[in-house]
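Student: I should like to learn how the terms used for a protein model are justified. May we take the structure below and reason from values to names?

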Amino acid sequence: MPPRLRPLIAAVVCLLAPTVSAQPAAPIEANLKAVFLFNFTKYVTWPGPGAAERSPSELRICVTANDEFFSLLKTAMGGEDIDGTPLVPVALEGLDDARTCQILYVGDSRSADAKAWLSVVRGEQVLTVADGALNDDTVISFVRDDNRIRFDINRVAADRRNLNVSAKLLRLARRVKDR
């Protein structure tokens, strides 16, 4: 099986798989979120200063303070690239480092740490992803729906960050928040 198809197949299998007991659900949920983050890179563009520029020279997908999740993310990416743009998983250490990310996953959006990370990148061209309900600083939120991990998209937040979210990704979302 081609390496590029593995994350997509894993996501489909996880979405269609029957509910499992609570004990193994955490690793499965974390794996699924890592695969989603990988796949979001295919459906979001980060326009640069020039209108013709499609994306940055590398896509930095950053996570905050979770070594286990970071390992899963590195495995999901496995040296992948999107249209020749390398994907670089990054475990953030300091708040200022978040400004160098194209995707920032902060975990639970209600935590004080997540709010701090999100405030640092407010107004930046960073795709912010969190767990829980959408808020003004989160573009995509992972939500549990019938024991499945789904996602909601905040188009208002994406527009404010000058991010282009493809119609394909919008159709896959459980809910899209518009103006």
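Student: What makes β7 and β8 count as paired strands?

Tutor: In this predicted model, strand β7 (residues 140-145) and strand β8 (residues 148-154) are joined over six bridges in the antiparallel sense. Two strands pair if there are at least two bridges between them, so six bridges satisfy the criterion. Within this pair, Ile140 stands opposite Ile153 in β8.

Student: Where do these strands belong in the sheet?

Tutor: The sheet is open and has eight strands, in the order β3-β4-β2-β5-β6-β7-β8-β10, with mixed pairing. At its edges stand β3 (81-82) and β10 (175-177); each has a single partner strand, so one side of each is left without a neighbour in the sheet.

Student: What makes the pairing of this sheet "mixed"?

Tutor: In general, strands of a sheet pair through backbone hydrogen bonds, either parallel or antiparallel. Here β2 and β4 pair in the parallel sense over six bridges, with Thr64 opposite Leu92 in β4. By contrast, β3 and β4 pair in the antiparallel sense over two bridges, and Ile82 stands opposite Thr85 in β4. The pairing of the sheet is accordingly given as mixed.

Student: How do β3 and β4 connect, and what is particular about Asp83?

Tutor: The two strands form a hairpin with two residues between them. Asp83, in the turn, has a positive phi of about 50 degrees.

Student: Why is Pro86 called partly exposed?

Tutor: Pro86 has a relative accessible area of 34%. Buried means under 20% and exposed means over 50%, so a value of 34% falls in between and Pro86 is partly exposed. Pro86 lies in strand β4 and touches Ser57, Glu58, Leu59, Glu80 and Asp81, not counting residues up to four places away in sequence. Pro86 and Ser57 are 29 residues apart in sequence and 7.6 Å apart in space, C-alpha to C-alpha.

Student: Is Asp137 buried or exposed, and how do you know?

Tutor: Its relative accessible area is 15%, and the limit for buried is under 20%; therefore Asp137 is buried. Asp137 is found in the loop between β6 and β7.

Student: What makes the approach of Asp137 to Arg122 a polar contact?

Tutor: The side chains of Asp137 and Arg122 come to 2.6 Å. A polar contact requires a suitable pair of N or O atoms within 3.5 Å, so 2.6 Å meets the distance limit. Leaving aside neighbours within four places in sequence, Asp137 is in contact with Leu118, Arg122, Thr128, Arg160 and Arg161.

Student: How does Arg99 fare under the tests of exposure and polar contact?

Tutor: The relative accessible area of Arg99 is 41%, between the limits of 20% and 50%, so Arg99 is partly exposed. A polar contact of 2.9 Å joins the side chains of Arg99 and Asp96. Arg99 lies in the loop between β4 and β5 and touches Val120, Val121 and Glu124, not counting residues up to four places away in sequence.

Student: Which residues of α4 are buried, and why are they said to share one side?

Tutor: The buried residues of α4 are Ala114, Trp117, Leu118 and Val120. They cover an arc of only 160 degrees around the axis, which puts them on the same side of α4. These residues pack against β2, β4, β5 and β6. Helix α4 (residues 112-120) runs at about 160 degrees to β5.

Student: What is meant by the largest nonpolar core here, and which residues touch the most other members?

Tutor: A nonpolar core consists of buried residues of certain nonpolar types joined through side-chain atoms within 4.5 Å. The largest such core has 37 residues, of which Leu37, Phe40, Leu127, Val129, Ile140, Phe142 and Phe151 touch the most other members. Helix α2 (residues 22-40) supplies the largest share of this core, seven residues. A second, separate core of 14 residues includes Cys62, Leu92, Val120 and Ala130.

Student: Which partners does Leu127 have?

Tutor: Leaving aside neighbours within four places in sequence, Leu127 is in contact with Phe40, Val44, Trp46, Gln102, Ile103, Leu104, Val139, Ile140 and Leu163.

Technical notes:
Residues numbered from 1 in each chain as written. Predicted model: local features only at pLDDT ≥ 70, side-chain atom pairs only at ≥ 80, totals over all residues. Heavy atoms only, no water. Buried < 20%, exposed > 50% of the residue type's maximum accessible area, 1.4 Å probe, protein only. Helix = DSSP H or I, 4+ residues; strand = E, 2+ residues; numbered from the N terminus. Contact = heavy atoms within 4.5 Å. Axes fitted to C-alpha atoms, helices over the stretch in contact; angles between N-to-C directions. Polar contact = N/O pair within 3.5 Å; in protein donor to acceptor, adjacent residues only side chain to side chain. Arc of directions from axis to C-beta.
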